[in-house]
Amino acid sequence: MTSAAERPILFLDVDGPLIPFGASYDSSTSFDQGNPLLDRLDPGIGSRLLALGCHLVWATTWMEDANEAVAPRLGLQKLPVVQWPDSGADEGPRGLHWKTRPLVEWADGRPFVWVDDEISAMDRLWVDARHPGPSLLHRVDPAKGLVEADFSALTAWLRAIAPS
């Protein structure tokens with residue numbers, strides 16, 4: 001079995017990719033953790049993420065709360081969490097997402113996928129210029145969240161960088 005250090009990293013945002021903004025939810029159910037948006041989570045996504053064979057890492061403003069509220073609903077164990085810099089840190093060129101630089105630093109040259117709903121062309125250009133390993137910045141439609149087409153794209157990229 002491949003160790004976590006050898007597998008590509010999959011940086012995972014919560015709002016948008018896992019909790020779609022356009023999804024409906026049953027308001028008659030009790031709200032877990034006091035957050036009605038948690039009812040929008042698809043519990044089947046956890047097994048699909050695990051099947052990708054990546055080292056999963058939370059890259060979300062939920063921080064450690066993702067392990068407490070989101071991971072159990074998806075059938076995931078506790079995941080590492082990217083710690084974001086204090087506001088006011090060097091933000092880079094105009095249009096660069098504030099997550100981009102910390103994710104590249106966290107990856108430290110390893111292949112990575114970043115799944116988020118706020119990825120831009122500037123982020124892709126910046127990562128291409130500064131990250132020596134393979135990377136895929138995959139933007140998810142925040143109204144739909146992760147769907148079959150997203151998993152197909154992730155799987156195809158992972159196969160391309162590490163054919164079996």
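## Exercises on a buried strand and its surroundings

Strand S3 is mostly covered, since five of its five residues are buried. Please keep in mind that this is a predicted model. The exercises below start from this strand and work outwards.

### Exercise 1: the two sides of S3

Task: Work out which residues of S3 point one way, and which point the other way.

Solution: Begin with a rule about strands. In a regular strand, side chains alternate between the two faces of the sheet. Now apply the rule to S3: Phe112, Trp114 and Asp116 point one way. Val113 and Val115 point the other way. Finally, check the burial: all of these residues are buried.

### Exercise 2: the sheet around S3

Task: Find the order of the strands in the open sheet, and decide which strands stand at the edges.

Solution: Take the order first. The four strands run S2-S1-S3-S4, with parallel pairing. Next, look at the ends of that order: S2 and S4 (135-139) each have a single partner strand, so one side of each is left without a neighbour in the sheet. As for twist, neighbouring strands are turned by 20 degrees against each other on average, direction ignored.

### Exercise 3: partners on either side

Task: Trace the pairing of S3 with S1 and with S4; how many bridges are there in each case?

Solution: On the S4 side, five bridges join the parallel strands S3 and S4. Two of the partners in S4 can be named: histidine 138 for valine 115, and leucine 136 for valine 113. On the S1 side, four bridges pair S1 with S3, again in the parallel sense. Here phenylalanine 11 stands opposite tryptophan 114 of S3. To close, follow the chain from S3 to S4: the path goes through helix H4 (residues 121-130), and this β-α-β crossover is right-handed.

### Exercise 4: helices on the sheet

Task: Identify which strands H3 and H5 lie against, and give the angles.

Solution: H3 lies across S1 (9-12), S2 and S3, and runs at about 155 degrees to S1. H5 (residues 148-161) packs on the sheet, where H5 touches S3 and S4; the direction of H5 makes about 175 degrees with that of S4.

### Exercise 5: histidine 97

Task: Is histidine 97 buried or exposed, and what does its side chain reach?

Solution: Locate the residue first: histidine 97 lies in the loop between H2 and H3. With a relative accessibility of 10%, histidine 97 counts as buried, because the cut-off for that class is under 20%. Then list the polar contacts. The side chain of histidine 97 reaches the backbone nitrogen of lysine 99 at 2.9 Å and the side chain of glutamate 118 at 2.7 Å. Leaving aside neighbours within four places in sequence, histidine 97 is in contact with Trp114, Glu118 and Asp123. Trp114 takes us back to S3.

### Exercise 6: positive phi

Task: Compare methionine 63, aspartate 108 and glycine 75 by phi and setting.

Solution: Methionine 63 has a positive phi near 50 degrees, though it is not a glycine. Methionine 63 sits in the loop between S2 and H2 and is partly exposed, at 22% relative accessible area. Aspartate 108, also not a glycine, has a positive phi of about 50 degrees. Its place is the loop between H3 (100-107) and S3 (112-116), and at 67% relative accessible area aspartate 108 is exposed. Glycine 75 follows H2, with a positive phi near 75 degrees.

Definitions and conventions:
Residues are numbered from 1 along each chain as its sequence is written. This is a predicted model: local features need pLDDT of at least 70, side-chain atom pairs count only at pLDDT 80 or more; totals for chains, interfaces and linings use all residues. Side-chain values use heavy atoms; hydrogens and water are left out. Buried means under 20% relative accessible area, exposed over 50%, partly exposed in between (1.4 Å probe, protein chains only). Two strands pair if DSSP finds at least two bridges between them. Axes are lines fitted to C-alpha atoms, for helices over the stretch in contact, and angles run from 0 to 180 degrees between N-to-C directions. Contact means heavy atoms within 4.5 Å. A crossover is right-handed if, with the strands pointing away from the viewer, the path from the first strand over the helix to the second runs clockwise. A polar contact is a pair of N or O atoms within 3.5 Å; within protein, one must be able to donate a hydrogen and the other to accept it, and residues adjacent in sequence count only if both atoms are side-chain atoms.
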